[in-house]
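This briefing covers ring contacts, the two sides of one helix, and a buried charge. Please read it beside the sequence and the coordinates shown here.

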Amino acid sequence: AVVSTQSGHYGRDMMRNLPINLMEPVSILYADLVGFTAMSSTLLAPELVDLLTDLYGRFDCVAEAYNCENISILGDCYFAVSGCPEADERHADNCMYTGVGLINATREFCQQRNKSIDIRVGIHTGIVLCGIVGGTKFKYDVWSSDAKLANYMESGGVPGRVHISEKTKGCLQDNWDFEEGFGSKREPELQGIRTYLLKQEFQDTVVVEPKKEKVPTATLR
C-alpha cells in the first residue's frame, strides 16, 4: 500500500512540493562489514577507495538482480530495501537472496583481494516512509521505526549469516530453513522480538546470481 503526503519546500531557488510516500510491506536489509576498521587502518586512502568500490560494486550487482534498492552506504554499512519505491510481493525473498549474495560476494572478494573481513546481514519487514529529501542536494531516502529495527537485526546478527525477524519470516514465499536466532542475546534492543538465522548448511546451497556488470574502479587524487 502507498500513501502519499506532501513534504515542505526544498531548494533556495525553486519551490517544489516533493511527495513522501508511506509504503508497506517493505523488507529492509542492513549489512555491516566485520573487520573493516582493522583492514582500513593498514591501507592508504587510494587503496581503501579502490577496495570499497570493488566490494560495493559487487553488492550492487547482487541487489539489482533481486530488485533491492541500494538506499545508502554508511562507511562499512550497506542499506537496501525491496518493495520500495516499487511495490513487490516478493520483497522478503528478494532481501533473503540479496543477503546470501552479499555474504558470497564478501567471501569471493576476500579470496581475490587477499583480505580478511566478514559481513553480518539483518532483515526486517514493515512500514517505511520514502521519498526525495534534501535542500540543495537531493537524495532518495527511507526511514521508519521498522527501518531502525532492521538495523538492530544486523547488529544482533552473526558474521557470515542472514538474521531475520519473525515478521520477515511470515512474508517469505520460497522455502527457507531456519533456526532460532536469539538476537536479543547479542542486541538488547531486540528484547521481546523473536528472530531467526538461516541455517548454515541450507545457506550454502542457495544459488544467487548477481547481475553481470563490469565492476567499476575508482581513484583518489
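Rings of Phe, Tyr and Trp, the last represented by its six-membered ring, are taken as a pair if their centres lie within 6.5 Å. With that criterion, the structure, which is a predicted model, holds eight aromatic pairs.

**Aromatic pairs and charges over rings**

- F59 and Y78 form one of the aromatic pairs, with 5.4 Å from centre to centre and 80° between the planes, an arrangement that counts as edge-to-face.
- This pair links distant parts of the chain, since F59 belongs to helix α2 (residues 45–65) and Y78 to strand β4 (residues 77–82), with 19 residues separating them.
- Both partners, F59 and Y78, are buried.
- Elsewhere, ring pairs join Y66, Y97, W176 and F202 into a cluster.
- Two lysines are placed over ring faces: K169 lies over the face of Y196, at 5.0 Å from the ring centre, while K185 lies over the face of F182, at 4.8 Å from the ring centre.

**Helix α4 and its two sides**

- Helix α4 spans residues 145–155, and the buried residues in this helix are D146, A147, L149, A150, M153 and E154.
- Viewed down the axis of α4, these buried residues fall within an arc of 155°, and they therefore line one face of the helix.
- The face of α4 turned away from the buried side carries S145 and K148, which are exposed.
- S145, which is found in helix α4, has a relative accessibility of 60% and so counts as exposed, the cut-off for that class being over 50%.
- S145 and I127 are 18 residues apart in sequence, and their C-alpha atoms are 8.1 Å apart in space.
- At the N-terminal end of α4, S144 acts as the cap, with a side-chain oxygen that lies 3.2 Å from the backbone nitrogen of D146.

**A buried aspartate without a salt bridge**

- D88 is located in the loop between β4 and α3 (91–113).
- Which side chain of opposite charge is nearest to D88, and how far away is it? The side chain is that of R90, at 5.8 Å, and D88, although buried, has no salt bridge.
- For a salt bridge, a side-chain nitrogen of Lys or Arg has to be within 4 Å of a carboxyl oxygen of Asp or Glu.
- R90 nevertheless contacts D88 through its backbone, as the backbone nitrogen of R90 lies 2.8 Å from a polar atom of the D88 side chain.

Key
Residues numbered from 1 in each chain as written. Predicted model: local features only at pLDDT ≥ 70, side-chain atom pairs only at ≥ 80, totals over all residues. Heavy atoms only, no water. Phe/Tyr/Trp six-rings, centres within 6.5 Å; stacked < 30°, edge-to-face > 60°. Helix = DSSP H or I, 4+ residues; strand = E, 2+ residues; numbered from the N terminus. Buried < 20%, exposed > 50% of the residue type's maximum accessible area, 1.4 Å probe, protein only. Lys NZ or Arg CZ within 6 Å of the ring centre and 35° of its normal. Arc of directions from axis to C-beta. Polar contact = N/O pair within 3.5 Å; in protein donor to acceptor, adjacent residues only side chain to side chain. Lys, Arg positive; Asp, Glu negative; His and termini not counted.
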